[in-house]
Amino acid sequence: MASENTQIYHERQRLQFCLLHSLNNLFQQKDAFTRASLNEIAEKLVLDDPNKVTWTPISALFKPHHNTITGNYDINVLIAALEGKGKSVIWHDRRNGASMINLDASEETLMGIVLNVSVRKFGGIWKGRHWVALKKINGVWYNLDSDLVAPETFKDTEEVRGFLDYIIDNGGEVLLVMNEKQ
């Protein structure tokens, strides 16, 4: 169990950089990733794409894998960033529900979970997606959502499972981040 002295690193939401915050929260380290490093990954993905889109003036702002000003990175940036750090991503098959996720796996095997959830802001006027990290630290699961004021502790794995089932039932995606390439 985590002691009361356990320090949990938690970045708060800024613009649409939730993927950046989720990754740093997952790695429990400030600047594990930076805006510049994620932009570089996104640009490399464009260069490596065999089906490159033709450049238009709007392309300067809205890139295929991110928004230049606000962030809003996509799944391809997430996977490339994690693979660059020797991690692998397993997209959880939503048909199985959370009961099929081994939440008791060692922290050496399962680094954490990244969620992509639907959000509504500004009284429902704006709809979008949001990246959220969940991580087990010293045997305790935490919700490290950058929209939260502080990390939230789950009381046990059953509460985590219930939360994940809720996410799945509401159209969210669950991605397992493994410490070893699978």
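This passage describes the overall make-up of the chain, the packing of two of its helices, and the surroundings of one histidine.

In this predicted model, the chain contains 4 helices and 6 strands. Read from the N terminus, its elements follow the order α-α-α-β-β-β-β-β-α-β. The chain is 182 residues long, and 44% of these residues count as buried. Contacts that span long stretches of sequence are well represented: of those between residues at least 6 apart, 62% join residues at least 24 apart.

A helix pair offers a convenient place to look more closely. Two packed helices are described by the angle between their axes and the distance between the axes. For α1 and α3 (residues 75–84), the axes come within 11 Å and cross at roughly 30°. Because angles under 35 degrees count as roughly parallel, α1 and α3 are roughly parallel to each other. The crossing of α1 past α3 is right-handed. On the α1 side, the contact is formed by Leu-19, Leu-23, Leu-26 and Phe-27, and α3 contributes Val-77, Leu-78, Ala-81 and Leu-82. The residues of this contact comprise 8 nonpolar, no polar and no charged.

Ahead of this helix, His-10 sits in the segment before α1 (18–27). Its relative accessibility is 16%, so His-10 counts as buried, the cut-off being under 20%. The side chain of His-10 reaches the backbone oxygen of Asp-145 at 2.9 Å. Leaving aside residues up to four places away in sequence, His-10 touches Asn-25 as well as Leu-144, Asp-145, Ser-146, Leu-148, Val-149, Ala-150 and Pro-151. Asp-145 thus appears both among the residues touched by His-10 and as the partner whose backbone oxygen the histidine side chain reaches.

Methods:
Residues are numbered from 1 along each chain as its sequence is written. This is a predicted model: local features need pLDDT of at least 70, side-chain atom pairs count only at pLDDT 80 or more; totals for chains, interfaces and linings use all residues. Side-chain values use heavy atoms; hydrogens and water are left out. Helices (H or I, at least four residues) and strands (E, at least two) are DSSP runs, numbered from the N terminus. Buried means under 20% relative accessible area, exposed over 50%, partly exposed in between (1.4 Å probe, protein chains only). A polar contact is a pair of N or O atoms within 3.5 Å; within protein, one must be able to donate a hydrogen and the other to accept it, and residues adjacent in sequence count only if both atoms are side-chain atoms. Contact means heavy atoms within 4.5 Å. Axes are lines fitted to C-alpha atoms, for helices over the stretch in contact, and angles run from 0 to 180 degrees between N-to-C directions. Angles under 35 degrees count as roughly parallel, over 145 as roughly antiparallel, 65 to 115 as roughly perpendicular and the rest as oblique. A crossing is left-handed if the near helix is turned anticlockwise from the far one by less than a right angle, and right-handed if clockwise. Ala, Val, Leu, Ile, Met, Phe, Trp, Tyr, Cys and Pro count as nonpolar, Asp, Glu, Lys and Arg as charged, and the others, Gly among them, as polar.
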